[in-house]
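Visitor: I would like a close look at a single part of this model. Please keep the account plain and connected.

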Amino acid sequence: LIHAEHGIGRGFFGGFVPAVAKGAITNCIRFLGYGLITRSMMRQQQSDAADMAGGTVGSGAANAPLPAWKTMLAGGIAGAVSAVVSQPIDTVKANMMGLE
């Protein structure tokens with residue numbers, strides 16, 4: 001039995017702290033990255049629309065939402081960066097949760 005061999009703390013909660021840290025870091029990076037990327041894409045879209053409209057900002061095209069492919073691209077980039085950055089924590093977590 002796990003609790004008899006490894007105890008309650010290590011047997012059932014080994015790797016808990018790194019798991020929580022990995023989840024927190026991953027989600028912070030993902031949401032922050034997604035927000036920054038989409039804002040940058042929005043500014044570029046508004047700038048392009050203003051250039052096409054002869055420099056007038058506030059036209060309907062400038063305030064249009066991003067196309068679906070751009071939001072999916074932003075999410076993919078943010079997810080990839082968060083996976084790479086949090087990989088070392090995931091390795092520690094997996095080693096701590098593994099039982100000998």
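Which residue takes a positive phi just after α2? Please go on from there to the helix itself and its surroundings.

Guide: The residue is G54, which has a phi of about 85° just after α2. Keep in mind throughout that this is a predicted model.

The helix that ends before G54 is α2, covering residues 16–52. With 37 residues, α2 reaches 54 Å from its first C-alpha to its last, and this is close to the 54 Å expected at 1.5 Å a residue. The chain around this helix has 3 helices and 0 strands, and read along the sequence its pattern is α-α-α.

Next, the buried side of α2. The buried residues of this helix are P18, T26, G33, G35, T38, M41, Q45, A49 and A50. They pack against α3, the helix formed by residues 68–97. For the chain as a whole, 20% of the 100 residues count as buried.

One pair of residues links positions that are separated in sequence. M72 is found in α3, and its C-alpha lies 9.7 Å from that of Y34, although the two are 38 residues apart in sequence. M72 itself is exposed, because its relative accessible area is 63% and the cut-off for exposed is over 50%. On the scale of the chain, among contacts with a separation of 6 or more, 75% are accounted for by residues 24 or more positions apart.

The other end of α2 brings in the surface. A nonpolar patch there is formed by I2, I8, F12, F13, F16, V17 and V20, with about 730 Å² of accessible area together. The elements that give two or more residues to this patch are α1, residues 2–13, and α2. Helix α1 gives the most, with 4 residues.

One of the patch members, I2, is found in α1. I2 has a relative accessibility of 39%, so it counts as partly exposed; that class lies between the buried limit of under 20% and the exposed limit of over 50%.

Finally, the surface of the whole chain. About 6700 Å² is exposed, and carbon and sulfur atoms supply 69% of that area.

To return to the part you asked about: α2 has buried residues that pack against α3, gives two or more residues to the nonpolar patch, and is followed by G54 with its positive phi.

Notes: Residues are numbered from 1 along each chain as its sequence is written. This is a predicted model: local features need pLDDT of at least 70, side-chain atom pairs count only at pLDDT 80 or more; totals for chains, interfaces and linings use all residues. Side-chain values use heavy atoms; hydrogens and water are left out. Patches are made of residues with over 30% relative accessible area and no salt bridge: like charges are joined within 9 Å, nonpolar side chains (Val, Leu, Ile, Met, Phe, Trp, Tyr) within 5 Å. Accessible areas come from the Shrake-Rupley method with a 1.4 Å probe; for residues, only the protein chains shown count as cover. A salt bridge is a side-chain nitrogen of Lys or Arg within 4 Å of a carboxyl oxygen of Asp or Glu. Buried means under 20% relative accessible area, exposed over 50%, partly exposed in between (1.4 Å probe, protein chains only). Contact means heavy atoms within 4.5 Å. The expected span of a helix is 1.5 Å times one less than its number of residues.
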